[in-house]
Amino acid sequence: MDLRIFTEPQQGADYDDLLRVARTAEEAGFDAFFRSDHYLAMGGSGEPGPTDAWLTLAGLARETSRIRLGTLVSSATFRLPGPLAVSVAQVDRMSGGRVELGLGTGWFEAEHAAYGIPFPPLRERFDRLAEQLEIVTGLWGTLPGERFEYSGDHYTVTDSPALPKPVQQPGPPVIVGGKGKQRTPALAARFASEFNVPFSSMDDVAAQFGRVDEACAAAGRDPKEIVRSIAQVVCVGRTEEQVKARALAIGREVDELRANGLAGSPEEVADRLGQWAERTGITRVYLQVLDLGDLDHLELIAAHLL
């Protein structure tokens with residue numbers, strides 16, 4: 001099972017903090033370092049302030065060598081699809097082909113208001129996401145020397161040279177995810193290399209994966225082509241006292257984390273991951289690490305679970 005580190009820098013982290021975590025994750029043997037793409041903290045001051053996801057990943061692309069890098073997930077409301085395709089392709093080249101793009105509708109209305117970003121209704125956000133996925137993957141997949149064109153309700157692309165080309169072909173892996181019961185699985189069946197369900201129960205995740213299977217069948221795609229993953233907050237300790245201290249540091253209760261995340265001793269968490277794999281068929285887990293100053297936490301997890 002792939003274990004990936006997933007961070008929420010909008011809660012309070014600068015680039016140097018993220019670099020320390022990414023390098024520790026790489027040295028410890030984790031598969032990937034991912035970050036959220038948000039501009040506003042969800043509780044707390046968020047100081048020193050947000051860091052742009054793709055600027056951050058560009059820097060990390062040059063300061064790491066093995067670990068994969070990506071977003072879980074970028075918001076389609078934040079960027080136009082052509083410039084997004086350029087940014088991700090450039091970071092893919094800067095990293096030597098280690099980038100993955102998670103892309104979603106966007107949901108946090110307050111951050112849009114705080115930074116002057118339009119926030120259309122949900123139906124339109126889904127429409128825009130579908131068009132962005134068409135354009136981004138279409139630009140990446142256009143053969144050298146050919147041109148890409150697209151005409152939709154929200155975006156039009158005319159006579160594009162579709163450059164730069166990413167290292168990975170036909171493009172970096174695309175991650176689609178969420179809990180929507182109809183349009184989300186349908187988009188995954190069309191575009192996703194991976195489908196992720198964040199912070200949900202085993203039963204809900206299994207049901208959502210079933211919807212993806214049905215959408216793949218309707219689209220004529222083999223559902224086995226899509227990696228299945230989850231995201232869960234992690235809180236591991238050598239002793240129960242250490243588990244409680246780490247839970248307190250992120251403002252959570254141990255019992256709640258045991259019920260709704262991955263918490264306890266390394267043995268407990270390993271057993272829980274085994275239950276997840278058996279019940280849902282996941283092969284990848286994003287471990288949400290909320291205390292980015294506690295690098296010993298990453299090393300403990302790696303020593304016992306990798």
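The following passage describes one helix, the largest nonpolar core and one loop residue of a predicted model. Local features were considered only at pLDDT of at least 70 and side-chain atom pairs only at pLDDT 80 or more, whereas totals for chains, interfaces and linings use all residues. Residues are numbered from 1 along each chain as its sequence is written, and side-chain values use heavy atoms, with hydrogens and water left out.

Helix H2 spans residues 53–63; helices (H or I, at least four residues) and strands (E, at least two) are DSSP runs, numbered from the N terminus. Eight of the eleven residues of H2 are buried, that is, under 20% relative accessible area (1.4 Å probe, protein chains only). Among them are Trp54, Leu57 and Leu60. The buried residues of H2 pack against several elements, including helix H1 (15–28), strand E2 (32–35) and helix H3 (81–95). At the start of H2, a side-chain oxygen of Asp52 lies within 3.1 Å of the backbone nitrogen of Trp54.

Trp54 is also one of the residues with the most contacts inside the largest nonpolar core, which has 73 residues. Such a core is a set of buried Ala, Val, Leu, Ile, Met, Phe, Trp, Tyr and Cys residues joined through side-chain atoms within 4.5 Å. Helix H5 (residues 122–141) gives the most to this core, with eight residues.

Thr77 lies in the loop between E4 and H3 and is buried, with a relative accessible area of 16%. Its side chain makes polar contacts (N or O atoms within 3.5 Å; within protein, one able to donate a hydrogen and the other to accept it, and residues adjacent in sequence counting only if both atoms are side-chain atoms). The partners of Thr77 are the side chains of Ser75, at 2.5 Å, and His112, at 2.6 Å.

Definitions and conventions
Buried < 20%, exposed > 50% of the residue type's maximum accessible area, 1.4 Å probe, protein only. Contact = heavy atoms within 4.5 Å.
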